[in-house]
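Q: Please take a close look at one part of this model and describe how its pieces are put together. A plain account will do.

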Amino acid sequence: MTTATEARAPQSVSMRRILPPIVTGQEVVLLVVLAVLWVLLGLFTPAFLTPGSIGPLLVQVAPIALIGVGMTFVIITAGIDVSVAGMIMVSAVVTARVLVSYDVPAIAAVALAIVIGAALGALNGVLIAYGRVHPIIITFGTANLFLWLGLRVFNSSTVNGIPSTLEFFGRGAAGSTLGVPHSFAIAVLAVAVAWWFLRYAKAGRNLYAIGGNQNAARLAGIKVQPRLVWVYLITGALAGLAACMVIATGTSTLDQSVGSGKELQVIAAVVIGGTSILGGRGSVVGTLLGAILVQTVVSGVTQLGWPTQLGFLFVGIFILIAVGTDLIRERARRSRA
Amino acid sequence: MKISRKIAGALALSAAAAVVLAGCTSRNDTGSSAAPGASEGASTEDLTIAFVPKLQGIPYFEAMNTGGQQAAEELGFEWLYQGPTTADAAAQADIVRSFIQQGVDVLFVAPNDPNSMAPLLEEAQAAGIHVATTDTDAPDSVREVFVNQASVEGIGQALTDTLLEAMGGSGKYAIVSCGETAANLNAWIEVQEAYTASEYPDAEIVDIVYAGEDQAMATQMATDLMNSHPDLTGLVGECTSSAPGVAQAVQDANRIGEVFTVGLGTPQSMLPYLESGASSGSILWDVEALGYLTGWAGVQLANDGDLGDTSSLTDESLADVEYDEASGVLLLGPPTVFTAENAGDYDY
């Protein structure tokens, strides 16, 4: 609600007063938690804080953080996209088939994957913006459509012998420069651009207004529907790019489990990152930190030699804490208003 | 939940329609299954053998289907193949029911949930259908035979022997398994633990982790294991998604020749790693031969033939078939170890 009024604030009010602080409390908390975890893991495992361990961890985080940027946009507008796994599957299987059958350069494969993802995302966006049905229903429907489409392309067999064309995004030596994994650098770049966009661009500020109160935003002259189409289209395009990373970090065989469960991992990262599931508030930096935190917990549990199932327990606790603090904050704000 | 139920319902309906249509011809064969002791070939004209896999559309069961179809052509029966699109016990039960209704002669099931399948198999038997399991058993059921791809001991020991041979008979290794409750994987792991302890006293299993059916997760966990155990020299990928996953992790970490891997992977998915040396061997069985054997066993059941008489199985891939009358298990033989030399010969 407050953001909607802010968006309509007269130009004379200085930007500094409207904008939230550069770093939010949630991000600071996440940074501290991450730092503590990394130090503890560094102390109690033989090699957690070595390049051979952190590098692969960041590669594993990259696709989640990347899609997380789009998902943060979506959730800020009070929407949700549960069709991410399906979009990854369709993009990955088509791209992998093309890589196996034709000798295409990496850039063409990446472009193809992004275009496929964007097209599927645009379908989501149009249905949500103009269908006026809740996004969870629409994307639940399209998720099943995309899975059907993906399985059609798989045609009852795995895609075998995928060449190493996309090794630029991979976990191996070709996937990093000076120790920095390329895929993670791309994710950070996407986060940086999105951070600027959400903070300083008018279209970006509009997203908060839409999530705060869609009707108020419409009355304020914001073109709600085209904005929503764009938000879902971008999420799809990022899922397409992430599919390239999934191919590069996977094996030379692609099977129908590709992408499975990614939508929940992405939503977990966004929620832990402090974006309100109710819409109207959120940050992409938090999402990046959330994604790193989740993978740190999973890898940490393995490296400590603890039972794998504990990873689910810890991630679950993080999500509940994040959602809990968000709801408490929201209630405090309402009682003040 | 509602939606998946609806889809399952629609699938079951179309499945029922399909088998009813297909069944029109076989409905009038009353004599064939009753013909006592007739030699195969003569009485198999109108014989219908149905196979319900756990899941339709994955390479494993498609390869079994190929083998079954081949048996149908050679031995002369009708082979019906229909499974659920997700590994769901309820959807599978619907398909089994439709086959019972159609009145097939022999019904093979690879049950997703052996316990809930047992009463259905009883129902089928009461309707005069020969019931049997293949790939996965339903031990406490009325099934007449279980066509077993490889014994639990055979797989556990082949995995251990192949890995320890590469590791030089000693050292630390870890297992990247998949589903934490998957009964067959856990049974193999138990054998690996016992067999390693008894046969390789200088070797040790340091950790067992569960990656689900997620290749990327299996790769990441294998990477984490290599980091947390710097002296680790072996990794086992316990299912078809983690077998190439652990090999990929070794390749990415540039540690081929230092860390050795084995796993249960399909030949095509393992071929690049077997060639690069990231995998020292893949343990599986000839899936098409398993499908063929299933079809053959169906013919024997329908004709009250002798399952122990394997003289009519002439193909090389079926040379080691054994029948154990007491447990009613028809065993394909010892598992196959795929290497860089022979993996390319298989197209699944």
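A: What follows goes through the sheets, then the helices on them, and ends with a contact between chains.

This is a predicted model, in which local features need pLDDT (the predictor's confidence in each residue, from 0 to 100) of at least 70 and side-chain atom pairs count only at pLDDT 80 or more, while totals for chains, interfaces and linings use all residues. Residues are numbered from 1 along each chain as its sequence is written, with chains lettered from A and ligands numbered from 1 in the order in which they are written.

Take the sheet of chain B that contains β1. It is an open sheet of 7 strands in the order β2-β1-β3-β4-β5-β12-β11, with mixed pairing (strands are DSSP runs of E, at least two residues, and helices are runs of H or I, at least four, numbered from the N terminus; two strands pair if DSSP finds at least two bridges between them). At the edges of this sheet are β2 (78-81) and β11 (322-324) of chain B; each has a single partner strand, so one side of each has no neighbour in the sheet. From one strand to the next, the twist averages 20° (angles run from 0 to 180 degrees between N-to-C directions, and axes are lines fitted to C-alpha atoms, for helices over the stretch in contact).

Within this sheet, strand β4 (residues 130-134) and strand β5 (residues 146-148) of chain B pair in the parallel sense over 2 bridges. Opposite Thr133(B) stands Phe146(B) in β5(B). Helix α2(B) packs on the sheet and touches β1 (48-52) and β2 of chain B, and its direction makes about 165° with that of β2(B) (two residues are in contact if their C-beta atoms, placed from the backbone, lie within 7 Å). Helix α3 (residues 89-102) of chain B also packs on the sheet. It touches β1 and β3 (106-109) of chain B, and its direction makes about 170° with that of β1(B).

Chain B also has an open sheet of 6 strands, in the order β7-β6-β8-β9-β10-β13, and its pairing is mixed. Its edge strands are β7 (203-210) and β13 (336-338) of chain B, each of which pairs on one side only. Here the twist averages 20° from one strand to the next.

In this sheet, β8 (residues 232-237) and β9 (residues 260-263) of chain B pair in the parallel sense, over 4 bridges. Gly237(B) has Gly263(B) of β9(B) as its bridge partner. Helix α7 (residues 215-228) of chain B packs on the sheet by touching β6, β7 and β8 of chain B, and its direction makes about 160° with that of β8(B). Helix α5 (residues 152-167) of chain B lies across β6 (171-177), β7, β8, β9, β10 (281-284) and β13 of chain B. Relative to β9(B), helix α5 of chain B runs at about 165°.

Some of these elements also take part in the contact with chain A. There, 31 residues of chain B are in contact with 36 residues of chain A. On the side of chain B that touches chain A, the elements giving two or more residues are α2 (59-75), β7, α7, α8 (242-252) and α9 (267-276) of chain B. The largest share of that side, 10 residues, comes from α7(B). By class, the side of chain B that touches chain A has 11 nonpolar, 13 polar and 7 charged residues (Ala, Val, Leu, Ile, Met, Phe, Trp, Tyr, Cys and Pro count as nonpolar, Asp, Glu, Lys and Arg as charged, and the others, Gly among them, as polar).
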